[in-house]
Amino acid sequence: MADQIVLRNVTKIFTTKTLGDITAVDNFNISVHEGECFSFLGPSGCGKSTTLRMIAGFEDLTNGEIELCGKLVSSSEKKLYIPPEERGLGMVFQAFAVWPHMTVFDNVAFPLAIKKVNKSEIKTRVAEALKHTSLTGLEDVYPGELSGGQQQRIALARAIVTNPKVMLLDEPLSNLDPKLRETMRFEIKALQKKFGFTIIFVTHDQSEAMAISDRMMVCDMGKIMQIDTPENLYNHPNSRFVHNFLGESTFINVEVKGKKVYPVGSNQELKIAIPEGVTGKMVVATRPNEIELTTSSEDGYKSHIEKRIFLTDRTEYLVPVGEQMVKIQTPHRIRFNEQDGCYVKFIEPIWYPVDDAATEAERNKRQLI
Ligand code: ADP
């Protein structure tokens, strides 16, 4: 499959008066295939929007180059910069709201009008775009008279009207309520199927990214942490950060002494396999639904139920393991009461080094800017 969006060694450094230089994007290498839905995911300040803005052409590059559909559009070395309107992209940006003073028709016709497309072709193409976004019949209405979902469809219609090969979507659903977000996700995927464009989707919402993406890039503090399919990222995160960012996580501080593992604050052994060469202070990570809660002492860690919480589709238990409270979720049929004794078994936990406090402080600083 051809690579339609390629970033090579792309770096962006912002120079600020108060904080000095900030490396917003640090040496990104990304290849997005034709027809793929590729998400940028990460906490606020990790560099998602800056990357998207560089692809769109709203931001120049400190270093590196970007290729779109086989054509170089930005290169720091060659001092090349193709402006956004010549990059052939469709865009739905959060900040690019629809224009309230223009009718639905004029909003959608706008990208064609500035390209001086003739009137009869504009009419045909706008009608087609409105049909695919379920807006037919609302041509003369002003956006203010429509719902949030319909307004977002205007933005989508405006993006597809030019028949782009690449669509950039920056948090396009963030103003909508959860139910509508889900509907719009399906609509975006259906449009993609129909028109075959490649999507870059920016979001900080992991479940949304998981639902919509073929592959995702998870970034943190201007660095790419991992690129993979949603399933691989969830099941095989390469760092504690990615583990924590995708779905609910439980981290237990442990110490490996000899061939035995002890949770911090406990001298009861935790019977889990130790990877080659691992020793000293470590973190063991798991998901709340990958911890077994039993009455069998075999290979289990003895504890008790501190708290039982009824959730609609499962029960959640809080169980102390060493000095930590571990969250365990089970089907309702596995029934324990508060203060009952129990045994805890960890199913294939993943091991990580202990996070250093400096990393956490840096991440928080970026989110405040
Ligand atoms: P995200 O989209 O993931 O929230 P951004 O790409 O907006 O992150 O920002 C990445 C980093 O770059 C942040 O630390 C942000 O403060 C900084 N940044 C973004 N735009 C500018 C700018 N115009 N001037 C200075 N710093 C900026």
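## Ligand shell and helix packing: worked exercises

A backbone N or O atom of Gly45 lies 2.7 Å from an oxygen atom of the ligand. The model is a predicted one, and the exercises below work through the surroundings of the ligand and then the packing of the helices.

**Exercise 1.** Decide which of the pairs formed by Gly45, Cys46 and Lys48 with oxygen atoms of the ligand count as polar contacts.

*Solution.* The cut-off needed here is that a polar contact is a pair of N or O atoms within 3.5 Å. Gly45 supplies a backbone N or O atom at 2.7 Å from a ligand oxygen, and Cys46 likewise takes part through its backbone, with a polar atom 3.1 Å from an oxygen atom of the ligand. Lys48 instead uses its side chain, a polar atom of which lies 3.0 Å from a ligand oxygen. Each of the distances, 2.7 Å, 3.1 Å and 3.0 Å, is therefore to be read against the limit of 3.5 Å. As for the ligand as a whole, the protein covers 72% of the 560 Å² of accessible area that the ligand has on its own.

**Exercise 2.** Describe the shell around the ligand by element, by class and by the residues that come nearest.

*Solution.* Begin with the elements: β1 (3-16), β2 (20-33) and α1 (48-56) are those that give two or more residues to the shell, and α1 provides the largest share, three residues. Next, sort the shell by class, which yields six nonpolar, six polar and one charged residues. Finally, of the 13 residues around the ligand, the ones that come nearest are Gly45, Gly47, Lys48, Ser49 and Thr50.

**Exercise 3.** Classify the packing of α2 against α3 and against α4, and that of α4 against α5.

*Solution.* Take α2 (residues 104-114) and α3 (residues 119-132) to start with: their axes are 10 Å apart and the helices pack at an angle of about 120°, which makes α2 oblique to α3. The crossing of this pair is right-handed.

Turn next to α2 and α4 (residues 148-160), which pack at an angle of about 30° with their axes 7 Å apart. Because angles under 35 degrees count as roughly parallel, α2 is roughly parallel to α4, and the crossing of α2 and α4 is right-handed.

For α4 and α5 (residues 178-195), the axes come within 11 Å and cross at roughly 20°, and the two helices are therefore roughly parallel to each other. Here too the handedness can be stated, since α4 passes α5 in a right-handed crossing.

Conventions:
Residues numbered from 1 in each chain as written. Predicted model: local features only at pLDDT ≥ 70, side-chain atom pairs only at ≥ 80, totals over all residues. Heavy atoms only, no water. Near = heavy atom within 4 Å. Polar contact = N/O pair within 3.5 Å; in protein donor to acceptor, adjacent residues only side chain to side chain. Areas by Shrake-Rupley, 256 points an atom, 1.4 Å probe, with all protein chains shown as cover. Helix = DSSP H or I, 4+ residues; strand = E, 2+ residues; numbered from the N terminus. Nonpolar A, V, L, I, M, F, W, Y, C, P; charged D, E, K, R; others polar. Axes fitted to C-alpha atoms, helices over the stretch in contact; angles between N-to-C directions. Parallel < 35°, antiparallel > 145°, perpendicular 65-115°, else oblique. Left-handed = near helix turned anticlockwise from the far one by under 90°.
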